[in-house]
Structure formats: C-alpha cells, structure tokens
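Reader: Could you take me closely through one part of this model, starting from a single residue pair and working outward? Keep it relaxed, but spell out the cut-offs as you go.

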Amino acid sequence: MKPSKKLIEVALPLDAINKGCQEEKNPFLLGHPRSLHLWWARRPLAAARAVIFAQMVDDPSAYVDTLRADPKLKRKAETALKARLKLWEEARELARKAKGTNLAVPEPGPQPTLDEMLADIERQSLFRIIEDLVLWENTTNETVLQTARDEIWASWRRACAENADHPRAKELFDRKKLPAFHDPFAGGGALPLEAQRLGLESYSSDLNPVAVLINKAMIEIPPKFAGRPPVNPEARTEKSLIAREWKGAQGLAEDVRYYGQWMRDEAEKRIGHLYPKVEVTAEMVKVRPDLKPYVGRKITVIAWLWARTVKSPNPAFAKVDVPLASTFMLSTKAGKEAYVEPVIENGGYRFTVKVGKPRDAERAKNGTKSGSSGSSFLCLMSGTPMPFEYLRPEAKEGRMGARLMAIVAEGERGRVYLSPTPEMEAVALSAIPNDAPETEGSQGL
Ligand SMILES: C[S@@+](CC[C@H](N)C(=O)[O-])C[C@H]1O[C@@H](n2cnc3c(N)ncnc32)[C@H](O)[C@@H]1O
C-alpha cells in the first residue's frame, strides 16, 4: 500500500477547533446528543468532526503535482514565494552577520520552494473547511458538510488511483466506496456520528449496553427512516404535515416528539400524583427570605434527596433511625451555597435546609460520615461510631430505612433547595410498587 501523508500529520487549525469545542460546552445547547443522554468522557462533536476530516484528507504536500497543474494557483504560489524568499534571504543575511558575534540568531532553514507554497495555500483552504465545520450552527449545514465530503472523496480517489496495482485493489480501493469507520469504544458515539455525517459508513461497538443503545439511537436507527414522513396519527391526518417534505431524520424526530409527549402524558396521568409541586407559603418565607419571589406559587420539584437510615447503635437512642449522609452540602456554588442542617429535638431530629455558608463547614461537608471513609458513619444523635461491621448486618436484615433530607425544585434562575415536609415524605411512602423484585437485596451496602 502506498500511504499518503494526511492533513492531521502535518497541521490543524487548533484555535478554531478549540473555540468550536468551547461553544459546545453550553449545557443547554439544543439538539446536542448530550441532551438525550449524558455520557462520561464524551468527545466534543466539533473535535470529532475536525479530527475525522483531517485523517481522511491528504495533506496537500502529497499531491503538489496536481496543484502545480492549476495555473491560477501556481500564479498565486509564485507571488507568495517571492515574498517568502525575500524574508528568507533577510533571515539568512542576519544569521550570517551574527556569526562570530555573541548574538544567537537561528539559521533560516532550507530555501522555500514553489511546491511548499502550493501546499501551503491549499492547506489554508482545507483549514477554512475545518473552521466552517467546527461551528455548532453548521452541524447540519449541508453546503458546509458537502464541501468536506467532496474533499474526502477527492483524497480517497487519489488513494485508489495510487494503489490500483495493489493485489487486493478491487476490494480495498474501490473508488466508488469510501472505507467504513469503526469505533470499538464508541461511548456516547461522538466519533461514529461525525464520521457518518462526513459520509462514511459508520459502525460502533461498546462493552456497555447503555452506550450501545445511545449509538443505536444516533447512528443506526435514524438512517433507516431518512427522508420518511412521520407515522403518528396526527401527522397522518394533518394536511400541512402530509404535504410537506421530510428531510433526513425529521419525520422520525416528529414521531419521537409525538410519542414522547404521549408517554409523558400517560405517565403523568398514572403517577403524577406521586410528584406533587411545592407551594411556597408566606410562612416559609419568614425563615427563608430568599423564597420571597415564589410566594403563593407552586414550583416543580426536580429531585427529592433522601438519606438512608439505620437504627442508632446507642441504647439511649435505640428507636431513632439515624441518617447515613455522605454530605449535608446541597450546593457549593459560590454565592449560591445551600446545606442541610439537622435539628435535634424531642428525642429525635428533623432536617431543615439553609442557604448561605454553613457555620461549621467541615461538618456540613462530611454529613454523618466518620472521617474520610465512605463506609463508616457517626450516629447523629450521640456521635457513636457506626462502622461498616455494624451497618452491613443492619442492611442485610432489612432494617434500613430512609428519611427525606431536602427537596430540590426548579427556580427561575436555577435550583431552589427546600426543607422536607411531612406531606412530601408521606406521598413518597404511599407509593407501594406492585412489581418490586422479590430477590434478597443488600440495600446498597
Ligand atoms: C472514553 S469512553 C469513549 C467516549 C467516546 N469517544 C465519546 O465521545 O463519547 C470509553 C468507552 O470504552 C468502553 N470500553 C471500555 N472497555 C471496553 C472493552 N473492553 N470493549 C469495548 N468497550 C469498552 C467504555 O464502556 C466507554 O464507553
């Protein structure tokens, strides 16, 4: 096989790629696969797109003969060469003069050539393709993508021509079929998705079935429905939807939206009562003035934070279910700190949520953990140590419970943390699953 040097081996417009990746970090970016499912170490799409493109296209130094045959390009290169030669000669002169003095002037290197200028100019135009490719708004810009695909095809056809005498040329260098792309550790699927976008047949695999599902949803299923209209009953009866053209996965997306909404509505009908909103009352505002903007409103809960409990090992509190809380901090964001403060009273305790920095930062950070260990705790009521050897049998015997520690609701500018209420705890405890697993469990320990 005759390998050609690829662009990625020579140079990349890193600043543009980094900027594109930075833009993608916006967590609310609409249309990003991340909004479907979070995957750790997911590569930015911009970087994946740029890197695959730069691996597929030849560096122009590999085809200067072709470039030389283009009279317009050649003229441009000759003009650039003149300017470059002038600089080079000046640098050489400077280096010559510096010889024998104590000035450290580097040698200018070999004399620039017309071929280098030709490759340079062409490389810059490949860079411009990458600069366009990495912009988030161009993710589905067909003109930009097609320009990139054309370059990939041009490089591939050159490779096929150069390897026409390879013994397996027919199979390996088919000028009508690009080589396929396979990412065996595909994870969130950034690389196979972008390879597919650039026109390659994409394959992905992963050890983790969740990653496999994400990849199926991103690169396997959508192409099967490319250009097809949606099939949901609304789309089949609505005239404007029947008449319109459905490009790419638009039809499938419409169905996913329709049936997603249907599932959400059905779920709300059946279990919505288990997820009540929180009404912010004037009473609550008395102790939490930060809640004033929400008074009289019902706000949506996005999470209920529970702590597992075990019976206190201290005989004086044997009836109290004490929490195993790995932290009491709810938010450590500067200016938005919130934490849980347990209040010991009437031979028991209750949790309250406070905003601002805790007075005892270390205690809030550690919850009821004992030191830095993740498996031994201290009894909230007495400080009695609860090592793993005490907790494990408690868990195995099914004596673990749970206490609601805090409520996280959706505020206007981010999360709002609220103290638990007995009503909220009661609602949660009222949900008795009728299909819970019957096998023995260790309750997480
Ligand atoms: C760093 S992630 C890949 C991230 C991916 N490039 C992206 O952009 O989302 C590495 C992946 O390798 C997978 N993996 C680890 N060991 C593996 C194995 N032996 N076979 C297949 N997949 C494996 C993991 O499940 C994980 O999804």
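**From one residue pair outward**

Author: Start with R308, which stands opposite A402 in β12. That puts us in the pairing of β5 (residues 301-311) with β12 (residues 401-411), an antiparallel match over eight bridges. Bear in mind that this is a predicted model, where local features need pLDDT of at least 70 and side-chain atom pairs count only at pLDDT 80 or more, while totals for chains, interfaces and linings use all residues. Numbering starts from 1 along each chain as its sequence is written.

Some bookkeeping: helices (H or I, at least four residues) and strands (E, at least two) are DSSP runs, numbered from the N terminus. Two strands pair if DSSP finds at least two bridges between them.

Step back, and β5 and β12 turn out to sit in an open sheet of four strands, ordered β6-β5-β12-β13 with antiparallel pairing. β6 (321-324) and β13 (414-418) have a single partner strand each, so one side of either edge strand has no neighbour in the sheet. From neighbour to neighbour the strands turn by 40° on average, ignoring direction. As for side chains, in a regular strand they alternate between the two faces of the sheet.

What lies across this pair? Helix α17 (residues 422-430) lies across β5 and β12 and runs at about 115° to β12. Axes here are lines fitted to C-alpha atoms, for helices over the stretch in contact, with angles from 0 to 180 degrees between N-to-C directions. Contact means two residues whose C-beta atoms, placed from the backbone, lie within 7 Å.

For another sheet, look at β7-β8-β9, three strands in an open, antiparallel arrangement. β7 (329-331) and β9 (348-355) are the edge strands, each pairing on one side only, and the twist averages 30° from one strand to the next. Strand β8 (residues 338-345) is joined to β9 by eight bridges, running antiparallel; A338 stands opposite V355 in β9. The β8-β9 hairpin has two residues between its strands, and N346 takes a positive phi near 50° there.

Now for a helix pair. α9 (residues 190-197) packs against α10 (residues 209-224) at an angle of about 0°, axes 10 Å apart. That makes the two roughly parallel, a label for angles under 35 degrees. P192, L193 and Q196 of α9 meet N215, M218 and I219 of α10.

α9 is mostly covered, with eight of its eight residues buried, meaning 20 or more other C-beta atoms lie within 10 Å of a residue's own, C-beta atoms being placed from the backbone. Among the elements covering those residues are α3 (45-56), α7 (142-162), β1 (181-183), β2 (202-204) and α10. Just past the end of α9, G199 takes a positive phi of about 100°.

Terms used:
Parallel < 35°, antiparallel > 145°, perpendicular 65-115°, else oblique. Buried ≥ 20, exposed ≤ 12 C-beta atoms within 10 Å, placed from the backbone.
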